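Dear colleague,

Please find below the sequence and the structure that I am handing over to you. My notes on the empty spaces and on the cysteines follow.

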Amino acid sequence: SLITAIIGAGVMALPQLPRKGGLYPSVGFTLFSALLMKECGGAFHKAHYAWNKYHDKNNQLKVFEDFGHAAMGHPGALLVRISVIGWFIGLCSGYLILIAQQLQLISGMGWNYRVWIGIMSPVLWLGCMLRDLSAIAKLMPVGVMAAVGCCLLMICKAYKDVDQWGTWPEEDQEKIHSYWPTSGFMALGSVVATLFGAFGVMGNIPAVADEMRHPRKLPRALNSALGVVMALYLGVMVIGYWGYGDFIRPNILESLSRSPANATQAFTMPYDQWTGQRSKLIPVLVAWCVLINLIMSYPLNMMCVFVSIQSLDCAQPSLNPGTAGNYLMRTGLMSVTVLIAIAIENFSVVYSLFAAITGPIQGVFVPIIFGSMIRSKIGAKHSHCVRRIFHAIIMAFATFCLVVGTMDAANGVIKSFSGN
């Protein structure tokens with residue numbers, strides 16, 4: 001389902017967004033991002049449905065790359081393919097980061113984060129070497145239930161932890177939350193980029209439409225899914241941030257596990273010196289929910305990369321499934337995600353960087369621009385003037401994400417290397 005395709009690891013980065021972009025802009029951008037995805041999904045559907053209506057089954061659009069090929073031929077398909085591969089490589093790198101962090105908490109053994117990456121990499125490699133992942137795919141509803149359970153647990157724990165600072169002096173409580181950006185204009189770029197990644201579903205729409213008995217009902221299904229996901233995201237973001245404010249940790253599990261005793265500890269002392277209330281059960285349950293979802297999702301998302309590469313004309317027949325070349329290709333691509341996770345420990349930084357670069361291309365430029373080109377080719381009716389103006393606003397928003405979001409995320413990567 002589309003809800004299954006949308007909900008993912010992005011929820012782990014949502015509570016930190018108001019700290020960078022302010023609570024009001026973050027909520028506003030979340031609402032606009034859902035509206036943006038609804039509109040771009042509609043633009044994609046109109047072109048996709050019109051093309052398939054006028055072509056036989058052999059020439060219909062089945063996958064996202066077909067959409068790019070129908071609009072611009074091989075260059076269009078290549079652009080779509082590169083953006084899809086880039087996104088899933090970045091996403092799976094983030095998955096590895098989160099998997100290691102969950103295992104650190106669950107085990108309580110104090111092992112280094114990179115040790116857990118080394119332990120889990122062979123396990124995930126075995127999953128990536130499978131030729132048929134249908135068994136894992138059938139279990140994905142369990143993974144989605146785990147993701148939803150993770151969200152609900154975070155919301156409940158954050159709501160309860162408001163009591164931890166509710167007795168602080170009023171002047172200290174006024175420091176806890178930021179309603180408007182405090183980190184400058186550039187910080188809004190990574191906020192928008194994270195939301196692009198969290199709502200990213202465009203690459204999954206062709207496959208979902210192909211499986212529907214009545215593809216014309218796709219917009220209704222997409223709108224319903226976006227409504228459910230938006231409500232869940234807003235709950236995680238607003239309540240998660242309200243519970244911990246500007247002293248929220250980059251790894252939300254740390255905030256769930258330990259609280260500061262006062263404002264001095266919250267804003268001036270290292271996390272390991274906080275002496276407030278500690279909690280173990282809820283953080284461990286959240287970690288297990290996240291871990292279940294990620295271990296199931298990692299090989300499925302990597303398979304999107306493998307299929308995209310092995311389907312290239314130049315890859316035949318040396319990269320056909322089951323060949324030594326195919327296994328080497330899979331191992332090499334997985335190694336890239338491992339190296340990224342080893343180099344950068346901050347999930348939010350990795351997630352926002354890849355979302356900033358690929359999200360606007362997949363989510364906005366391809367459906368709107370390529371969709372218009374496809375409709376022109378088959379003589380379908382174009383959008384009216386008001387909608388075109390709205391599309392221009394959406395593309396300006398996407399350009400902001402691509403430029404400012406990438407710059408801010410790249411700055412975060414530099415800081416992570418320098419140890420700041």
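By class, how many nonpolar, polar and charged residues does the lining of the second largest cavity have? Before the reply, please keep in mind that this is a predicted model. The lining of that cavity has five nonpolar residues, three polar residues and one charged residue. The residues concerned are D161, Q164, W165, W168, G243, Y244, F247, S259 and P260. Helix 8 makes the greatest contribution to the lining of the second largest cavity, with three residues, and both helix 8 and helix 12 supply at least two. The volume of the second largest cavity is about 40 Å³.

This cavity belongs to a short list: searching the whole structure gives four cavities of 30 Å³ or more. The largest cavity holds about 60 Å³ of space. Around the largest cavity lie G8, A9, V11, M12, A147, C150, V290, N293 and L294. Two elements, helix 8 (140-166) and helix 15 (281-310), each give two or more residues to the lining of the largest cavity, and helix 15 has the largest share, three residues. In terms of class, the lining of the largest cavity consists of seven nonpolar and two polar residues, with no charged residue. Helix 8 thus appears in the linings of both the largest cavity and the second largest cavity.

I turn next to the pockets. The second largest pocket has a volume of about 1400 Å³. Its lining comprises 45 residues, and those nearest the centre of the pocket are R249, P250, N251, N346 and F347. Six elements give two or more residues to this lining, namely helix 2 (17-21), helix 5 (74-107), helix 10 (187-198), helix 13 (252-257), helix 17 (347-377) and helix 18 (385-418). Of these, helix 18 gives the most to the lining of the second largest pocket, with six residues. When the lining of the second largest pocket is divided by class, 17 residues are nonpolar, 19 are polar and nine are charged.

The cysteines may also be of interest. How many disulfides does the count come to? The count comes to zero disulfides. C151 is in no disulfide, and the nearest cysteine sulfur, that of C150, is 5.2 Å away. C151 counts as buried because its relative accessibility is 0%, under the 20% limit for that class. C314 is likewise in no disulfide; for this residue the nearest cysteine sulfur is that of C304, at 19 Å. With a relative accessibility of 69%, C314 counts as exposed, since the limit for that class is over 50%. C150, the residue with the sulfur nearest to that of C151, is also among the residues that line the largest cavity.

One further residue deserves a note. V228 is located in helix 12 (residues 218-244), the helix that also contributes to the lining of the second largest cavity. Is V228 buried, partly exposed or exposed? V228 counts as partly exposed because its relative accessibility is 45%, which lies between the limits of 20% and 50%. Along the chain, V228 and I3 are 225 residues apart, while their C-alpha atoms are separated by 7.9 Å.

With kind regards

Conventions
Residues are numbered from 1 along each chain as its sequence is written. This is a predicted model: local features need pLDDT of at least 70, side-chain atom pairs count only at pLDDT 80 or more; totals for chains, interfaces and linings use all residues. Side-chain values use heavy atoms; hydrogens and water are left out. On a 1 Å grid over the protein atoms alone, a cavity is a set of points where a 1.4 Å probe fits but cannot get out, and a pocket is an open set with protein on both sides within 12 Å along at least five of seven lines; lining residues have an atom within 4 Å of a point. Grid points are joined across faces, edges and corners, and a volume is the space filled by probe spheres set on the points. Helices (H or I, at least four residues) and strands (E, at least two) are DSSP runs, numbered from the N terminus. Ala, Val, Leu, Ile, Met, Phe, Trp, Tyr, Cys and Pro count as nonpolar, Asp, Glu, Lys and Arg as charged, and the others, Gly among them, as polar. Buried means under 20% relative accessible area, exposed over 50%, partly exposed in between (1.4 Å probe, protein chains only). A disulfide is a pair of cysteine sulfur atoms within 2.5 Å.
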